[in-house]
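Thank you all for coming; I would like to spend a few minutes on one model, beginning with the spaces inside it and then turning to a sheet. Please have a look at the structure first.

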Amino acid sequence: MLTRIKNLQEYKNVYAASVDDPESFWASQAESFTWRKKWDKTLDWDFNGPDINWFVNGKLNITENCLDRHLETRGDQVAILWEPNDPNVPTKEYTYKELHAEVCKAANALKSLGVGKGDRVCFYMPMVPELAIAVLACARIGAIHSVVFAGFSATALADRIKDATCKMVICSDFNNRGVKHIPVKKVVDDAMAMGCDSIEKVIVHKNTGDDLNMVEGRDIWWHDLVDGQSPVCEAEEMDSEDILFILYTSGSTGKPKGVVHTCGGYMVYTAFSFTNVFQYDPGDIYWCTADIGWITGHSYIIYGPLLSGATTMMFEGVPTYPDAGRFWEICEKHKVNQFYTAPTAIRALMAKGEDLPAKYDLSSLKVLGSVGEPINEEAWNWYNINIGKGNCPIVDTWWQTETGGILISPLPGITDTKPCYASYPLPGVQLVLMDSEGKEVEGNNKEGLLCIKFPWPSILRTTYGDHERCRQTYFSAYENMYFTGDGARRDEDGRYRIIGRVDDVINVSGHRMGTAEVENAINEHDNVVESAVVGYPHEIKGQGIYAYVIVNDAVTDDDEFRKEVLKIVTKEIGPIAKPDKIQIVSGLPKTRSGKIMRRILRKIASSDASNLGDVSTLLNPEVVTEIKEGALV
């Protein structure tokens, strides 16, 4: 059985055991699952490679653990509960038996088109059950899924398809999201016109049934392909270290990184972390509001809950449609027990006042969660008082696409909670703070750069097609350390508070955006010579995007110029990357070697220009005064 920690002393004991003998600890957790062949060695690792192998030569299929092993004991229990965008549309439920059958049918459909082990399948879909079904179908036949958030542009989608040389795209016709009716298939068509030569077929799920263009010989309707298939499909035997999925995340250079997670270790860690962080009990209704296009949806809508035999909810819509009480209406309707959302959503709903949540019966809630970025104290308190009524522990979780699962979090009802603190590491997670000189920062009440000195099972294995980039990004900053890219503070009791990114990555509404990616898009404008993008505090999104732009010719119509820039960024990346503020400047503060001093730009954007330090050594110190005086604050 997976270890389910029940009290503080047990947490201390389990954590100590996991650090003293990690291999024995994780081997005991892995014993909880169905393996076709047991592993020969629990762990073989080298951070310098990096070369990390968990459960070496173990054979399994993750979907047998998500589905098949539950059929006898909980076959009639609801596995996926789907809540549509429109509250007047009926909810859908899939029991474990029904989900198993649908996954097998979809798996047989993919096989009928020649998709097999190792092939990459790209998804560009709204939050409908068919997305989860098809993702699991890929895993069942050994195909590698690569889900792209369906808000990204055609260019961003094409880049990801080409990087992974995907064989197939699975999409919907349209996406209903709040009042928006989004032409998803049209975005896929535009991406296909950008040289996605590896794509053989585009499978289209009829979500709304509105008219659209189907390309003969390439495009196939989901229902035509899947409906007649057999509900029985033997699962492909996978090695523990075979790739399960690729998920792209923004980096500090323009090209997104394809983070690779593998079958065995990811399975063990997502189940362990789900069970403990959410203290899930049989019969509970668990709801994570994330999109499956992000890692949170992979780990804590699909894999973690289903591995644990949970009832997991998917939501197609947005928190403010038809009004800002939608989240709380759904919690009341389904008697939700664990609720996991992002600080951005909490702040947006907080701005609508206390009256809306007060209208709903939220007494079923036992655990509240926060994910994507550090939650500020005001939002934490509002969440605690108005949603949890002071009775629900808040798990302020810290983790990354690259970590696969939650690494730092309170355990509800077990460890204490403190606003703004992700708190304590989960068992098996060995955190250290490092200084800029490469020395460990010891003791409490200290700040440093957050690193991890020992692998956990769901650590990323590589960046797809570019292993050296993985080494440089995560394993080169400190000897024998995984560098998270975040700064952190450890308080007097050993709790961790995440201070924020130390590289050129902005966290917008919990979505990491590489500054270079946004700058490259802005620079596509004919009149832009150069740009620099930084994050600044935003009361709803956590961080907004502030762009400093140098132009060739004087701009006569600021509004028109801004619209043009935003249109290009939307086209190149997607609407989430649109700058909130665009300041036209004559120059950017640079060192004599030509490096942009983003620290100065961040301070100005954050209305904190009183102490910019010594700027006299810059190549162009005079430009700092000009930027300060023209700042959009």
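How do the residues in the lining of the largest cavity divide by class, into nonpolar, polar and charged? Please keep in mind that this is a predicted model, and that the answer is seven nonpolar residues, one polar and one charged. The residues in question are Val147, Val148, Phe149, Phe152, Arg160, Leu247, Tyr248, Gly293 and Trp294, and the space they line has a volume of about 50 Å³. A search of the whole structure finds three cavities of 30 Å³ or more.

Let me move on to the pockets, where the second largest one holds about 430 Å³ of space. It is lined by 16 residues, of which Met1, Leu2, Arg74, Thr275 and Ser308 are the closest to its centre. Helix α10, which covers residues 263-278, gives the most to this lining, with three residues. By class, the lining of the second largest pocket has eight nonpolar, five polar and three charged residues.

Now to the sheet, which is open, has four strands in the order β21-β22-β24-β25, and is paired in an antiparallel way. Its edge strands are β21, at 431-434, and β25, at 496-501, each of which pairs on one side only, and the twist from one strand to the next averages 45°. Within this sheet, β22 (residues 446-452) and β24 (residues 482-490) run antiparallel and are joined by six bridges; for Glu447, the bridge partner in β24 is Arg489.

Key: Residues are numbered from 1 along each chain as its sequence is written. This is a predicted model: local features need pLDDT of at least 70, side-chain atom pairs count only at pLDDT 80 or more; totals for chains, interfaces and linings use all residues. Side-chain values use heavy atoms; hydrogens and water are left out. Two strands pair if DSSP finds at least two bridges between them. Helices (H or I, at least four residues) and strands (E, at least two) are DSSP runs, numbered from the N terminus. Axes are lines fitted to C-alpha atoms, for helices over the stretch in contact, and angles run from 0 to 180 degrees between N-to-C directions. On a 1 Å grid over the protein atoms alone, a cavity is a set of points where a 1.4 Å probe fits but cannot get out, and a pocket is an open set with protein on both sides within 12 Å along at least five of seven lines; lining residues have an atom within 4 Å of a point. Grid points are joined across faces, edges and corners, and a volume is the space filled by probe spheres set on the points. Ala, Val, Leu, Ile, Met, Phe, Trp, Tyr, Cys and Pro count as nonpolar, Asp, Glu, Lys and Arg as charged, and the others, Gly among them, as polar.
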